[in-house]
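Trainee: Could you walk me through this model before I get back to the bench?
Mentor: Sure, have a look at it and ask away.

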Amino acid sequence: GGKATTTDNSVDDGKGENEKIKIGLTMSSRDQFLSTLETAVKDAAKKQDNAEIIAFDAENDIQKQLSHISSFVSQDCGAIIVNLVNTDTTEEILKAAGDVPVVFVNRLPNQPILEESDNSSFVGSDEYEAGQLQAKYLTEYFKDKDDKEINYVLFMGTLGLQHTNARTKAVKETLEENGFTLVKQFEDTAEFDRAKAMAKMQQFIGTGKPFDVVIGNNDEMALGAIEALKSANRLEVPVVGIDATANALAAIEAEEMACSVFQDAGGQGSGAFDFAYKMAQGEKVDKYGWIPFKIVSLDNLADFK
Amino acid sequence: MNKSFDVKKFASKNSIYIVLIFLIIVVTIASPKFLTVGNIINLFTTESIKGLLALGVAFCILSKGIDLSLGSIVALSAVVSASLIQNPTYSAQMFKGLDMPIGIGVPVAIVAGILAGTIFGVINGALIAYTKIPPFIATLGSMVVVRGLAMLYTNAYPVPMLKNEFKTVGQGNILGIPNLLIILILFALIAWFLLNHTKFGKNVYAIGGNDVAARVAGIKVKKNIILVYTWSSFCAAVAGVLLAARTGSGIATLGLNYELDAIAAATIGGVSHNGGVGRIGGVIAGILILGVVNNGLLLLGVSPYIQQIVKGLIIVGAVVFDMRKNAKAA
Amino acid sequence: MNKSFDVKKFASKNSIYIVLIFLIIVVTIASPKFLTVGNIINLFTTESIKGLLALGVAFCILSKGIDLSLGSIVALSAVVSASLIQNPTYSAQMFKGLDMPIGIGVPVAIVAGILAGTIFGVINGALIAYTKIPPFIATLGSMVVVRGLAMLYTNAYPVPMLKNEFKTVGQGNILGIPNLLIILILFALIAWFLLNHTKFGKNVYAIGGNDVAARVAGIKVKKNIILVYTWSSFCAAVAGVLLAARTGSGIATLGLNYELDAIAAATIGGVSHNGGVGRIGGVIAGILILGVVNNGLLLLGVSPYIQQIVKGLIIVGAVVFDMRKNAKAA
Amino acid sequence: MSEYILEMLDVVKVFPGVKALKGVDFRVRPGTVHALMGENGAGKSTLMKCLMGITQMTSGKIVLKDKEVNIKDTLSAQEQGISMIHQELNVVTARSVSENIWLGREPLKNKIMIDHKKMKQDTLELLEKLHMDINPDELMSNLTVAKMQMVEIAKAVSFNADIVIMDEPTSALTTTEAEQLFKIINNLKSEGVTIIYISHKMDEIFRICDEITVLRDGEFVGSDYSANMDIDKLISLMVGRKLTEMFPKIDCEIGETILKVENLASEDSFHNVSFELHKGEILGFAGLVGAGRTEIVETIFGIRPKTEGHISINGKEVNINNPYDALKNGLCLLTEDRKKMGIIPVLSVRDNTILSSLDNYSKGIKLDHRKIQCDTEEYIDKLNVKTADYDTEIESLSGGNQQKVLVARALLTNPDILMVDEPTRGIDVGAKAEIHTLLTKLAGEGKAIIMISSEMPEVLGMSDRILTMHEGKMTGIISRKDASQEVIMKYATEGFETNEEDNNE
Ligand SMILES: Nc1ncnc2c1ncn2[C@@H]1O[C@H](COP(=O)(O)OP(=O)(O)OP(=O)(O)O)[C@@H](O)[C@H]1O
Ligand SMILES: Nc1ncnc2c1ncn2[C@@H]1O[C@H](COP(=O)(O)OP(=O)(O)OP(=O)(O)O)[C@@H](O)[C@H]1O
Ligand SMILES: [Mg+2]
Ligand SMILES: [Mg+2]
């Protein structure tokens, strides 16, 4: 069969090839989070003795992702796990997959279409929730603030990506719902990149404008901002991120970062595999497998180490 | 003796096709799935968008220029056409309530998308022709500007839920041959005709070969430069509209870095960056070489990092092989 | 009359500085925060990484080449040096238990990082010199390959938790002047010296201006081409190590597309893509123009989409302005 | 010790598709000026490039001062004491004169730093010694072609080589500078330097050369002391046949005025130029380098901006802004700078030939390839261009043959007014006569011709009237019967007041 980065179970060589259940996995790109997710899918597959994973990376190219699907279909995959490049290509992905069941993972596809189709499902977390959790933490943090006015600095991720949009929108909306007035001091993209966030933060601090909080669409940018705050001796300002990377946990421990939001890559990966494995064998599964986000701060740090 | 000489000459003149055939053989041996009708069609369809860009940028390179803005033009054309043909049932429709009848709506969306992209080719061309700034910098500038415009237009949100009739343009097929592939072939024929059978083509070669001499020989250099960049952006704009139709949504991040692959394809295909040298057959071979490599690595399930490395090596290797024949000839 | 002529000539020779001063004035009026010592130092520090790349790529462009692999080299050098100087307390350390004493560890990490990057410059140069493939395609290939290697080396995971002594290299300062800025100035001086006061510099100008003439004059063109790309990758490798030190972590996605900004800076600074024309003073001015634009737009809080558009327009505008003087002079 | 300083024996050079040298023997005695002669494409430059290490010979050997040597690149040729002035200018136009002269061997101080002071000083001394009035700091691009050529000559001399190769050094020079070069050659000779001299100008050869070697079609045909030769013998050796007449000027009917130029000026290059050109007339332009003759025709042709004056064709004032307009108005220009403004190096002989006449080959938007092929064949054959086939890149043709292709391009446009700027520069005697015959024939057909030439015999032999220029000013128009070398030189050097009577014939 196709020799992809297969994770088959070599212990069970005795089993016939034809009994193998092949599951295709196409990832939007590789970053730390998605790599962890991918590893979780493969680890889960190892626990089944007749599962084989074929994994591709679309390098953020919708075109590539579509061609991955066609290639999975021609390789007789039993199910396909898709980490969407663009969440609006749901319909095209489903069309390309045809009869092969599809499990979307991590990035929420277009819901009406997802709900309409009868052999697809979603496993992941609600990006909006991540922003909400940041806001929840900050509401608590600023609860004693008199004027209810927050001067904020916000680093957006790569423009045009769904989680950039959802996280940004959520944190702002929720804070406003909770009675705060937001004053934009600085809102710009740093493309999820630590170096870019650091450079921009440094220049912003130089303007001397007041700010009460730094919000990052992910941890890397939050950490970049922290490096800049450190050299300006402004570490007292709370910095919040998302992802709960090892770096971020260390920064929370060092009381440099206020909080992060843990997205359960492992849970999403193994959950997606379970769904796919079942669907490949014709079993029914739920439409949504929600893996909740969790807030991480100094209080509950121990749970995540 | 005379005969053996001819064989050699033939081989050296067509070395790029030899590379292509060699790669096809290697991939076929490595993965029996490769040479199946389904896979080949899949391969062509995947490469058709970048292929269109390569056919466009080849003209720029032939005229001793370059066009870095093509990827951004893809995005702009995609979002403009998409914004005009969203399902009115979609609550977050960009132009609320817009619902043209199909017979008008689809052509309007297509034409608007193509125009929106092509206009920047005219601007690129005029900038380069009249201000004489290097094409690299002119199109680098418009690459950034056009991408910004696409972002601004959509507020960086996707433009999804396009009408089915529009999507058919990019997803349908005629007698089993995908529309995308048909359009690519059509454009290749047009490009070949333009270069080999029209005055415009001869002018492009001459301008690339020696623009001062071309002007003295009575060629309207400025007009032709503008035409060259108009053509390349036209190809990209068509590609953008098709991409929106194929993926069923337009988004401002579409086509990022596509121009690099397109330039690579043209260069692999023997289009010289010193201007004036290159043929459409070579460009097509270049596109296919990249396609076979991408597809082959995918079928073989090579890890994505190693895929990148192998791809880079093959790009360089193909051009080196192609140069060796020139080195011998000189 | 004689005097007024001189003023004109002076202005046309230094038009790029005029553009720079003009921009500074505009930004200063728009944002009083601009002309503060802190902000200026920030601006320089921010641009220093790309500035190093611009100083490197300027040599390539002068020799009528280009180097697209610089951004990838930044990444590779960053991850290699970072991997050797992680805190051993960090549980996911790349080389488990590695803990060199500072006096050895820091230099080893720096040298290893620089070597890892520079070696690809040697390869680029050798490829271009010996196979005569276009620099665009050779370095496009290595751009992809080197990025892939950086990904493979780190498995695309960040390499964080670097020792403080290493971070000081990128974050520290001497008498209030950030190390990064000091290194940028140092490299600018070296580049200036190389171009104006050594045989190598003359050779670079000659090769870019007319490589046949250079070869006929007995210049070892191949050797010099290799040196050019070695120098550019050396600059990028140093930039990569500094970037790792500055941000306290290395990651394989660092430096993406930095080469485009560097090329833009050099081009704005008057380095001609036709080879043989350009000066280091201009390159520095080009870096600063981009820096002032970035910083100004940031201070003014312009929306990121509009930032892109304005930046693109200014890049093109600066070069057009700079070309006008040439058009007149010619 | 052999009597030769240099022997090239049985040299073969094969280019793909062309055997440029077919076993050439070439022997040079020390301290002599040795002419290397032959038609365009005979292989002269190729032989010298093998000697200079610029191309590698396919087989053969080189014996230098009794030692067989292997010259693998220019550097090793220089080390062996050989330097060369190339047929095509090889200058870095964006750099200064002194940087060009010392390119690759700049004087150093402290082993790494370039000693700019010494470089300038050396340049000054060198230029002074050679009596060249050129500023060492001037950019090459600001010099005229002739001055660039003088810099190249200075550079070749500066190597202090034993053997200096000069490949058509005077093709870009006018009389004064050529005289200066001959002085330099004499000085070098008296210092014991050996000179290999290639030129198509017969008078020069007999003036300065001691010995002559002739190549034909890549083969050695003969070698002798110039004292034992005369022009006819030399020509028949080169061409393989007797040549009829060098300047086959026939007096033909001069018709009505076709081109009228009044008070023409372009920026600072020339002012107040007025003349009339008639059908069937050849109007020669004479003057020294820098006189502005090229600029006049370039302005008429729309390459340079016209800052003043009027141009009328057939009595109607025309507005020409670019070469395209000029061609549409029946003008055509064969430019002086073949490499920069003439050929498209990477394109085929065919494409180069038809470039200016594409409109004639368009059927709708499609090109008529059959007609293109037909016409190319006709003209290439008519002009006797030596090329493997019509698909050959023009770059690989010898200089003279490239020029012929450009002549073919000009003729194909079927112009009413043909302006030729140094039409026979670098062209061999045989072809020169052919071009002269052609010009005469065209004039006979009623075409009007402007011919710029720095070769006095050519101007005198071919023109009906001669317009003289001096430093951007027109100094007179002399009719054929009044013209002589002396008269022209006077007008060209001293800048006489314009004589109205001469103007009106
Ligand atoms: N690089 C090349 N590739 C192919 N053919 C070449 C090349 N260089 C020269 N030739 C061929 O070699 C032959 C000799 O050319 P060469 O330039 O030596 O002539 P030449 O005697 O110097 O003529 P001219 O008087 O016109 O300068 C010509 O037929 C030319 O076409
Ligand atoms: N590129 C240039 N830049 C500045 N000045 C130039 C340039 N080219 C020519 N000139 C000037 O223009 C004038 C005319 O030069 P040119 O040699 O072309 O005249 P010409 O009469 O055609 O001479 P020739 O006998 O060589 O044909 C000279 O004074 C020269 O210095
Ligand atoms: Mg020659
Ligand atoms: Mg002239």
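Trainee: Is D:Ser45 buried or exposed?
Mentor: One thing up front: this is a predicted model, where local features need pLDDT of at least 70, side-chain atom pairs count only at pLDDT 80 or more, and totals for chains, interfaces and linings use all residues. Residues are numbered from 1 along each chain as its sequence is written, chains are lettered from A and ligands numbered from 1 in the order in which they are written, and side-chain values use heavy atoms, with hydrogens and water left out. Buried means under 20% relative accessible area, exposed over 50% and partly exposed in between, with a 1.4 Å probe and protein chains only. D:Ser45 comes out at 16%, so call it buried.

Trainee: Which residues coordinate the magnesium ion that is ligand 3?
Mentor: Donors are N, O and S atoms within 2.8 Å of the metal (3.2 Å for Na, K and Ca), and water is not among the atoms, so sites may look incomplete. At 1.9 to 2.1 Å, the donors to ligand 3 are OG of D:Ser45 and OE1 of D:Gln87.

Trainee: How many residues apart in sequence are the parts that this pair ties together?
Mentor: Helices here are DSSP runs (H or I, at least four residues), as are strands (E, at least two), numbered from the N terminus. D:Ser45 sits in helix H1 (residues 44-51) of chain D, while D:Gln87 is in the loop between strand E6 (82-85) and helix H3 (97-101), so the parts are 42 residues apart.

Trainee: And which side chain has a polar atom 2.8 Å from an oxygen atom of ligand 1?
Mentor: A polar contact is a pair of N or O atoms within 3.5 Å; within protein, one must be able to donate a hydrogen and the other to accept it, and residues adjacent in sequence count only if both atoms are side-chain atoms. The side chain of D:Ser45 has an N or O atom 2.7 Å from an oxygen of ligand 1. For the 2.8 Å distance, the residue is D:His200.

Trainee: Which residues coordinate ligand 4, the other magnesium ion?
Mentor: One donor residue, D:Thr294, is buried at 13% relative accessibility. The other is partly exposed at 26%. With distances of 1.8 to 2.3 Å, the pair is D:Thr294 (OG1) and D:Glu336 (OE).
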